[in-house]
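Welcome! Let's look at this structure together and ask how each label is earned.

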Amino acid sequence: MRVLITGATSGIGRQLALDYRAEGHEVFGCGRNPAALQELADAGIHPLAFDAGERRQVLESLAELASLDLVILNAGSCEYIDHPRQFDGALLQRVMQTNVIGVGYCLEALLPRLAPGSRLALMGSIASELPLPRAEAYGASKAAVAYLARTLALDLRPHGIGVSLIRPGFVRTPLTDKNDFAMPMRVEATEASRVIRRELARGVAEIHFPKRFTRLLKLLGKLPDRAWQRIALKGLKR
Ligand SMILES: NC(=O)c1ccc[n+]([C@@H]2O[C@H](COP(=O)([O-])OP(=O)(O)OC[C@H]3O[C@@H](n4cnc5c(N)ncnc54)[C@H](OP(=O)(O)O)[C@@H]3O)[C@@H](O)[C@H]2O)c1
């Protein structure tokens, strides 16, 4: 297969790129960090350097690519709103620019390169299942990604392109290493990669893991907001 992964220079995307390469696939790994891109090249992965939030960079970097069998739009960032009464609109814009608008630029460049029988995967998060403290920007961006994925699944189906939405719980990566709160049932990036690759091969539409954690969040997400707020605020006090 010819596989393209954004955010391949770190964390989940890097692990996916290395594992697909180890399975013998031709892999295109995207990111910004030059040293990490060089490491990908040393591992036999084609490096592609661009900022996902910069339309011209995205379109120019991906212009020469031939057809692809699997595209995983995984690049993303997470920033929390620490003081809700001093809402940081620039933070919201930064997170949206990478996590949502950047996905749009990649779709613009890559959808014409996906042939019937290919698969597109978008990286969401189980965080968008319910309101979580300080996650106004991140959660909203991943809710947008989830809607995008479900709508693309509808519109691309007649074109023979399968769409998957990936919604992890906590995975140990540089992104979550920065968190200052408990992260129940956090899994390693190797485990995340194993589950994602297995489920993408099966054509699963919504890939979420670890199941014990993500099923619980899905259940809590069905509660009326007032009931969930009581639980969340009690948890915060502890
Ligand atoms: N870790 C978790 O628990 C978790 C849970 C749910 C969902 N996710 C999602 O999974 C994805 C990967 O997260 P991760 O935990 O592996 O994070 P990570 O280790 O911080 O990796 C993030 C990747 O995204 C790339 N990236 C970020 N901003 C970019 C931009 N503007 N342009 C191009 N590339 C950019 C980074 O590339 P450079 O460093 O080269 O810029 C890096 O390769 C994200 O979408 C995240 O929201 C993670």
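Q: What makes a pair of atoms a polar contact?
A: A polar contact is a pair of N or O atoms within 3.5 Å. Keep in mind that this is a predicted model.

Q: Why does Tyr 138 count as making a polar contact with the ligand?
A: An N or O atom in the side chain of Tyr 138 is 2.6 Å from an oxygen atom of the ligand. The cut-off is 3.5 Å, so this pair is a polar contact.

Q: What about Arg 32 and Gly 76: how do you know that they make polar contacts with the ligand too?
A: For Arg 32, a polar side-chain atom lies 2.6 Å from a ligand oxygen. For Gly 76, a polar backbone atom is 3.4 Å from an oxygen atom of the ligand. Both values are within 3.5 Å, so both pairs qualify.

Q: How much of the ligand's area does the protein bury?
A: Taken alone, the ligand exposes 880 Å², and the protein buries 92% of that.

Q: Which helices give two or more residues to the shell around the ligand?
A: They are helix H1 (11-22), helix H5 (136-156) and helix H6 (174-177). H6 gives the most, with 3 residues.

Q: What makes a residue part of that shell, and which come nearest?
A: One of its heavy atoms must lie within 4 Å of the ligand. There are 29 residues around the ligand, and Thr 9, Ser 10, Arg 32, Tyr 138 and Thr 173 come nearest. By type, the shell divides into 12 nonpolar, 14 polar and 3 charged residues.

Q: Why is Ser 10 called partly exposed?
A: Its relative accessibility is 32%. Buried means under 20% and exposed means over 50%, so Ser 10 falls in between. You can find Ser 10 in the loop between strand S1 (2-5) and H1.

Q: Why is Ile 101 called partly exposed?
A: Ile 101 has a relative accessible area of 35%, which lies between the limits of 20% and 50%, so the label fits. Ile 101 belongs to helix H4.

Q: What makes a group of residues a nonpolar core, and which is the largest here?
A: Its members are buried nonpolar residues joined through side-chain atoms within 4.5 Å. The largest such core has 29 residues, and those with the most contacts inside it are Leu 4, Leu 62, Leu 73, Leu 110 and Leu 120. Several elements give two or more residues to this core, including strand S2 (26-31), helix H3 (55-62) and helix H4 (89-110). The largest share, 6 residues, comes from H4. Apart from this core lies another, of 25 residues, among them Leu 16, Met 123, Ile 196 and Leu 200.

Q: What makes the phi of Arg 134 worth a look?
A: Most residues other than glycine have a negative phi. Arg 134 is not glycine, yet its phi is positive, near 70°. Arg 134 sits in the loop between S5 and H5, and it is partly exposed because its relative accessible area of 28% is neither under 20% nor over 50%.

Q: Where is Met 185, and what is its phi?
A: Met 185 is in the loop between H6 and strand S8 (187-188). Its phi is near 55°, a positive value in a residue other than glycine.

Q: Which peptide bond is cis, the one that joins Phe 209 and which residue?
A: The cis peptide bond joins Phe 209 and Pro 210, with omega about -10°. Pro 210 lies in the loop between strand S9 (206-209) and helix H8 (211-221).

Technical notes. Residues are numbered from 1 along each chain as its sequence is written. This is a predicted model: local features need pLDDT of at least 70, side-chain atom pairs count only at pLDDT 80 or more; totals for chains, interfaces and linings use all residues. Side-chain values use heavy atoms; hydrogens and water are left out. A polar contact is a pair of N or O atoms within 3.5 Å; within protein, one must be able to donate a hydrogen and the other to accept it, and residues adjacent in sequence count only if both atoms are side-chain atoms. Accessible areas come from the Shrake-Rupley method with a 1.4 Å probe; for residues, only the protein chains shown count as cover. Helices (H or I, at least four residues) and strands (E, at least two) are DSSP runs, numbered from the N terminus. Ala, Val, Leu, Ile, Met, Phe, Trp, Tyr, Cys and Pro count as nonpolar, Asp, Glu, Lys and Arg as charged, and the others, Gly among them, as polar. Buried means under 20% relative accessible area, exposed over 50%, partly exposed in between (1.4 Å probe, protein chains only).
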